[in-house]
Amino acid sequence: DLPLTERTGRTLLEREEIERQLRQVARTGYATEMGENEDGAMCIGAPILDEHGYPVAALSISAPLMRMPHSLAAKAGARLRDIAAGISAGLGS
């Protein structure tokens, strides 16, 4: 295992927390990070899958953290997931 680098005070470094977040991503179909990479910023991302279900690209949006409450992030994540799924379907996924 390579050591992880802390980019902000919110960067995930513990294996258990990263695995918990990956399980959440598998359930929701999109990933969020809230200030883990850059203080004051957040990002939501969803994969675009090829005909084998392999991720070949992604869609993402970024915003200032203070302008994206969790309820809005969940709505944006679901919409982004749906758009990515439509693109994936066009690729045969």
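**Entry 1: the end of α1**

I began just past the first helix, where α1 is followed by G29, a residue with a positive phi, near 85°. I note at the outset that this is a predicted model, and I read every value below with that in mind.

I then checked the length of α1 itself: at 1.5 Å a residue its 14 residues should span 20 Å, and because its end C-alpha atoms are 20 Å apart, I recorded that expectation and model agree.

**Entry 2: the chain as a whole**

Stepping back, I counted two helices and three strands in the protein chain, and from the N terminus on I read their order as α-β-β-β-α. Along the principal axes, the C-alpha atoms fill a box of roughly 40 × 35 × 20 Å.

I looked up how much of the chain is covered and found that buried residues make up 25% of its 93 residues. The chain exposes about 6500 Å², and I noted that carbon and sulfur atoms supply 55% of that area. For the contacts with a separation of 6 or more, I wrote down that 47% join residues 24 or more positions apart.

**Entry 3: two residues of β2**

I turned to strand β2, which covers residues 41–49 and holds I48; A46 lies in β2 too.

Is A46 buried or exposed? Its relative accessible area is 1%, and since the cut-off for buried is under 20%, I entered A46 as buried. I looked for what A46 touches beyond four places in sequence, and the list reads G29, Y30, A58, L59, L80, R81 and A84. G29 is thus a contact of A46 as well as the residue that follows α1. As for L80, it stands 34 residues from A46 in sequence, while their C-alpha atoms are 6.3 Å apart in space.

I48 is likewise buried, with a relative accessible area of 7%. Which residues does I48 touch, once those up to four places away in sequence are set aside? I found Y54, P55, V56, A57, A58, L59, A84, I87, S88 and L91. For A84 I also took the separation from I48, which is 36 residues along the sequence and 5.4 Å from C-alpha to C-alpha. I marked A84 in my notes as a contact of I48 and also of A46.

**Entry 4: a residue of β3**

In strand β3, residues 55–64, I picked out A63. Its relative accessibility is 18%, and because buried means under 20%, A63 counts as buried. Apart from neighbours within four places in sequence, A63 is in contact with G40, A41, M42 and M68. I also looked up A73, 10 residues from A63 along the chain, and found their C-alpha atoms separated by 9.8 Å.

**Entry 5: the largest pocket**

Last, I went to the largest pocket, which holds about 280 Å³ of space. Which residues lie nearest its centre? Of the 15 lining residues, these are Q21, Q24, T32, M34 and H70.

I then asked which elements contribute, and recorded that α1 (15–28), β1 (31–34) and α2 (70–90) each supply at least two residues of the lining. Among these, α1 gives the most, with five residues. By residue class, the lining divides into six nonpolar, five polar and four charged residues.

Methods:
Residues are numbered from 1 along each chain as its sequence is written. This is a predicted model: local features need pLDDT of at least 70, side-chain atom pairs count only at pLDDT 80 or more; totals for chains, interfaces and linings use all residues. Side-chain values use heavy atoms; hydrogens and water are left out. On a 1 Å grid over the protein atoms alone, a cavity is a set of points where a 1.4 Å probe fits but cannot get out, and a pocket is an open set with protein on both sides within 12 Å along at least five of seven lines; lining residues have an atom within 4 Å of a point. Grid points are joined across faces, edges and corners, and a volume is the space filled by probe spheres set on the points. Helices (H or I, at least four residues) and strands (E, at least two) are DSSP runs, numbered from the N terminus. Ala, Val, Leu, Ile, Met, Phe, Trp, Tyr, Cys and Pro count as nonpolar, Asp, Glu, Lys and Arg as charged, and the others, Gly among them, as polar. Buried means under 20% relative accessible area, exposed over 50%, partly exposed in between (1.4 Å probe, protein chains only). Contact means heavy atoms within 4.5 Å. Accessible areas come from the Shrake-Rupley method with a 1.4 Å probe; for residues, only the protein chains shown count as cover. The expected span of a helix is 1.5 Å times one less than its number of residues.
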